[in-house]
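Q: Please take a close look at one part of this model and then place that part among its surroundings. A plain account will do.

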Amino acid sequence: MQIKEYKPLIVAFCCNWCSYAGADLAGNNRLNYPAEVKIIRVPCSCRVNPMFILRAFQRGADGVIICGCHPGDCHYTSGNYYTRRRMALLFSMLDFLGIERERTRVEWVSAAEGAKFATTMNDFVEKVASLGENKRLEDLRCKR
Amino acid sequence: MNNKMQNLRDEIILRSGVNPSKCMACGKCSATCPAYNEMEYHPHQFVSMVKSGDIEPLLASDSLYKCLTCFACVDRCPRGVEPAKLVEAVRLAAIRQQGANHLKPDMVPDMLDDDMPQQAIVSAFRKYTK
Amino acid sequence: MQKITLESLVEKAVSLLENGTVTSVLGWKKGEFDYDITPAVFESADELKKDFVWNDFCGANFSKYLVSKTCKSEGKILVFLKPCDTYSFNQLLTEHRFDREKVYAVGIPCEGMADINKVKEVVGDGISKIESNGDDLVVTTIYEDAPVKVTCKDVLAERCVNCKSKRHVAYDELLGEEGEVIASERFDEVERLEKMTPEERFAFWQNELSKCIRCNACRDVCPACTCEKCVFDNPNSGVENKAASNSFEEKMFHIIRAFHVAGRCTDCGECSRVCPQNIPLHLLNRKFIKDINEFYGEYQAGAEVGLRAPLVDYTLEDLEPGEVFDRRDNNA
Amino acid sequence: MRKCLVEDINSVLAQINKAAKVYLPVDGTDGKARFEEWAEGKEWSNALNTERSAKDFFFPQTENLMEFKTEGKNIEIIDIRSDKDDFVIFGVRGCDVRSFDILDRVFLVEPIDSFYKARREHGIIISVACGRPSETCFCGAFGIDASNPAGDVTVWRTKEAVYWQSNTDKGEELLKKVEGLTDCDEAAVEEEKAKIKKIMDKLPLANLSTEDFGAGKTMELFDSDKWKDLSESCLGCGTCTFVCPTCQCYDIKEFNAGKGVVRFRCWDSCMYSDFTQMSAGQPRLSQLERFRQRFMHKLVYYPERNDGIYGCVGCGRCLAKCPISMNIVKVMKSLGGKDNE
Amino acid sequence: MQRIGVFVCWCGSNIAATVDVQAVAQALKNEPGVVFSTDYQYMCSQAGQDMIKEAVAEHNLTGIVVCSCSPRMHEATFRKTAAAAGLNPYMVEIANIREQCSWVHKDIPTGTEKAIILGKAAVAKVNLNTPLTPGESPVTKRALVIGGGIAGIQTALDIADAGFPVDIVETKPTIGGKMAQLDKTFPTLDCAACILTPKMVDVAQNDKIRIFSYSEVEEVSGFVGNFDVKIKKRARYVKEDLCTGCGACVEKCPMKKVPNEFNLGMDNRPAIYIPFAQAVPKVATIDPNACNMLKNGKCGLCARVCTAGAIDYTQKDEIIEEKYGAIVVATGFNPISMDKFDEFAYSQSKDVITSLEFERLTNAAGPTAGKLVRPSDGEHPHTIVFVQCVGSRCENCAEKGKEYCSKICCMYTAKHAMLVRDKYPDIETYVFYIDVRTPGKNFDEFYRRAVEEYGVKYVKGMVGKVSPEGKKLKVQASDLLNNKQLNIDADLVVLAAAIEPDKSARPLATMLTASMDTNDFFTEAHPKLRPVESPTAGVFLSGACQGPKDIPETVSQAGAAASKVIGLLAKDKLTGNPCIASSDENMCNGCSSCERVCPYGAITYVDKEFRMPDRTTKVRRVAQVNPAVCQGCGACTVACPSGAMDLRGFASNQIIAEVDAICK
């Protein structure tokens, strides 16, 4: 029997001003990270609705990471502060429902932190891969 | 700083609840200290010496027992460092380390004179035998 | 068991109607049995005297009705509010959901409401009569000749066992004595779940939420859920569905529902009271309340009108999402 | 008439399970009974009725109808209907048994609902008489005899024994396959029936009358001013419709899973403001109209088209479950004039 | 259904080396909505752009997906291309297959697979794109400057210089602010009045500038380019247009015992007064709390002596309504109260004074005509002790002091000590310091001169206690470097009190929906890159209201704020970013959640009548987004539980479509 190598699917929401630029910088510097990471550009991390995160899990994502400007550096001054509260509560709730807490993460990545972006993604993919497939928030209809 | 000193330092910091890193070396504690001239090491030195782990000289110094615990330094410190609590913690360390009290009951009679109020004797005894 | 009497409430309502202060009364209406009480609008003294009821089964929180009733009514509406209802009342005012000018709020003390399911656990089915007698309920059934005495305390609804406050935070007039905020043990059950392993928690919620029939009673009764159109009813929202087809959709609905009321939920417990499947939905809300209290400082939605809800607020020093679990693990 | 001892019930069920998968009411962690697949160790609940009605077996809350597979711009249609196996629903109360007749009159008339029909044909119903009805029961009002419920097989449970009586060929076939049932006379069952009838007469809703309802009452009841008060506090949730064994409305929806689309149906509630959303949208715009629809349908429209049979079976679930305790009994008493005073 | 064209760029070998671009173009051709798909070496080149334009025309494209480098690089380019092709520029989406794909993945199959998925996500998004048009709003070409200190003056002058009318609102009877009270200025020691008063005169004479003195801002509404402001002009009981500032009334006023706030209460003034000789406007003001005529109708002397007939006891507060395109906040600072610092005996002895009081004491126009004497007895002091950081850098004394460094004290204390030693070499001066901070042009040199040339005694350490003993002040302090405790008998103790934002700033911030930090300093839009703009569009910051500042820094920030204002007012119309929030009124329930998270105050509420589904009508409170103010962060979209609030260009259904495409 042949076992197909398991590759997790990661959705990364990145704010336009810091983290998306940080991801670009990682590219400029040719810093590798797994192709399983797919980035969605949002104006600010505070645009990320918990529904988007759940939607990603429903559709088969194994991990969701939200990246924004460092607290205090938000292009819109306060967006990431709201993100911080919303996600702290949401992640805590997901954990409360027994969803593996390693599947969700918030990371602050500035436009200058290309290296941090790459290491963060490498680390996140590794952690999620070690958990295996997302079974607890899956929708069987969406199975590949 | 060797391990022993490191531990002692950590213990003093833990026991006093004081964070000496918050000190900005303004010297207001020493400026305000009524026992300053009696002391070999002054309040601000307590803070900086504990911070750097230089605790042995403090343990050996008489300054420990010169502090009146009047808390003027605590009140005036703009950073909330609370030197008096640090002095007290070093004092405790000294006593615990020596395993002996600075003042023993049989030493007391020699020190008495008629003018000394009973309350002072009792409080001094309490303080120096901790 | 209730300290305030039916007569005094009727008397108050009749006098306010007659002196023209109010034109209608939102109150509890007698049902078929002694426990199936319906919220109703009374418009005359005769109606009040005939059908108004106040007993240990008057659990319904009227606050939400004010949203629609104040829109329709020209005159003032008298509403009776138990302490826990007043928090919802304030929260709705904070969110500008009804016109305060059109309401005359009478605070009434509450000694806790009984849960008919718990009564039935003790006496079984076939209840023909329930009377209140001091600290007891006297229950007559068609199966037993002699009535059965049940201590009120033993059959209190869960939310009343863990009552958070006997204090009215809003009223125009208060009947009876003002109570106090109570140090309740309402978070104990949340804590118990937190201490389980993720696998156990997952199994627990999988079992509970699988019972959900998506009747939407929890949402429709919730005083915090007053959206003109709920995202779950809106075909353009991307999450709309009429029935949960699988366990994901069950979770989705309940997570988002709880998230939408997080920081706004006053913990009135109506969601769990009305759930036809007895799912302990209040635990999801309480989890958010507990987290909010722990992460951002004690916050009671509806304690005052105009409070800034924790999710529309922040401080520079807030906890990082990644620290949430470190903190809990350290506390455990 | 056959019998077995109460303590042997599990071994009897095990035998039935060999013939066809058995579902029976089992107490859950919350102490409430729900139908579950039989397995060793599952105990037949003593509860009067299940939280959800037995209609789920033939008309589940969601049911996939067909699938589309999409690849780029291509669409392929997949028929997902498959052959069903026989199954047994054990422990159905008389009210729920009647509900199947009511659903049949909707789903098994032209155009026949093939999904419903497939399930219905494979279901064998073992009903059980109600030894201990509740105050919320009013099946009598609709002519249901709780002491002698219909079904392929009827079961009576007394303290010591369980009595089995087959009513149909299907039922007889099944019982034949079960060893350990002994033949007996009907005395014990008759006694049990008499006992139940006596209790039924004592129920608070025993005298509920349907006199003022039924075919031809539309004009009289539709414009009654009582609907306003009755619907006043209705929250518009779907609890009553979803616990109801006879509510049969559904909506058809699609779920786009990315590579394919599932078309499925799911229960809908006439109490919802977004009920079915047909071409012109929801035809009943106020909660009063929606509320009225539900009860008029059960009490007037349905009997009008179905030989006077009411669309309610008196199971009492809506009485127990409505968040605001508004229900069909209150509606009947309020609209029913003198008969129900 | 859209007609989408997909354009896959090779970027030379930058993309093509790790992504099979042809395979990407081929794969995306099959996506719903895509009618054309191609690849090209350099999509951003003129030839590449022409290719897009031709394809739009040929295939009637309604949407464009470019798979290329980061949108941060060329999104603007391709939007212009789309516009040139006759498409709405917001019908373009970029799939970032260079920075986020070809450059970070090594092998072709992986890169190609990911590029296809990113392309599919972009296609899914474009399918839901709608044409967007940026909103336009007119600009009222007039600026308001709140505060008439040096910051406000400089800002107003610079704006007026560019030809735009400016109004200054000042709460005091005259402009000039703190600088008018100062004696000399560091590090050049020129006299404050000599450099300030000409500027004040410039303001008075500039016909583009109006001064509303003795006035305050009452209400602000509107938004960038279109502010409506109500200004309350308090009654000064003197007609400004008639008063010549001759001072006859001031001289004759019998009520002479009012503490003079300009001299910080160190001397008295009459009930009718002109704060100082060079005041602008040079108009008298009657203090209603002191004037006998206003209090009990007895007196009226000033009216009798006024030859201009300017006195008007019946004057009332007046509300002026004006429209502005931009608002500059220049509310400045105040020294904190010293009342709670018992250890320095400020409230016990007249000879313990603050540095600002010291300025008045040495000022030629001050209460002693510039002669340095002890306030208690008028005697010549022999020893002066200066104490720095009083109330600054105070971590746990929130009720007394401030956590921050007040920044200006080191320099003015050096100045004070130096000036004392220069004028009175016999006076011994001590400066007690924690750190001496002199990061400014010629600052450290200045401080060193005080020590080296003037012999000011700098002691590293703090004063612990000041106790009045007889005529002297006993100062107990520590000298940390010598490890000694000092006891000095001083004649005068000068406290370098921390400074704090003016009390009027907080209510003003609320009116302007401008944000503040915990210390009530205004927050800048970006701490590094937008230091003179507040996060609220059209509101700018000048001077110490944003943080402690010395005069050169204040003046440069004032100029910077002015240039931002000029840039704004120079526009005839403001073109907004079309990617902004909008609220669906049919779903909004008016709960205010969105309003509370909006950092720009872009959301307001109106009561609107709606037809309900059940044929009734209902008045509901609903949110409205001001397109000129919204910056498009999207915080409101998540705060909104009903989903009424959505963000154009990043709509929920678009993001969901991207998620779905990625997870397919």
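Into which domains is chain B divided? After that, please go through the open sheet of chain E strand by strand.

A: The model is predicted, and the description below should be read with that in mind. Chain B has two parts, domain 1 with residues 3-99 and domain 2 with residues 103-130. Between the C-alpha centres of domain 1 of chain B and domain 2 of chain B there are 24 Å.

Now to the sheet in chain E. It is open and built from three strands, ordered β11-β12-β17 (chain E), with antiparallel pairing. At its edges are β11 (215-223) and β17 (318-324) of chain E, each of which pairs on one side only. From one strand to the next the twist averages 20 degrees. β12 of chain E covers residues 226-233, and its antiparallel pairing with β11(E) runs over eight bridges. At the level of single residues, E216(E) has K232(E) in β12(E) as its bridge partner.

Chain E also touches chain D. Nine residues of chain E and seven residues of chain D make up this contact. Sorted by class, the chain D side that touches chain E consists of four polar, two charged and one nonpolar residues.

Chain C, for its part, is divided into domain 1 (6-113 + 164-174), domain 2 (117-151) and domain 3 (188-331). Domain 1 of chain C is thus written as two segments, 6-113 and 164-174. The C-alpha centres of domain 2 of chain C and domain 3 of chain C are 35 Å apart.

Technical notes
Residues numbered from 1 in each chain as written. Chains lettered and ligands numbered in written order. Predicted model: local features only at pLDDT ≥ 70, side-chain atom pairs only at ≥ 80, totals over all residues. Contact = placed C-beta atoms within 7 Å. Nonpolar A, V, L, I, M, F, W, Y, C, P; charged D, E, K, R; others polar. Domains from an automatic or database assignment. Pairing = 2+ DSSP bridges. Helix = DSSP H or I, 4+ residues; strand = E, 2+ residues; numbered from the N terminus. Axes fitted to C-alpha atoms, helices over the stretch in contact; angles between N-to-C directions.
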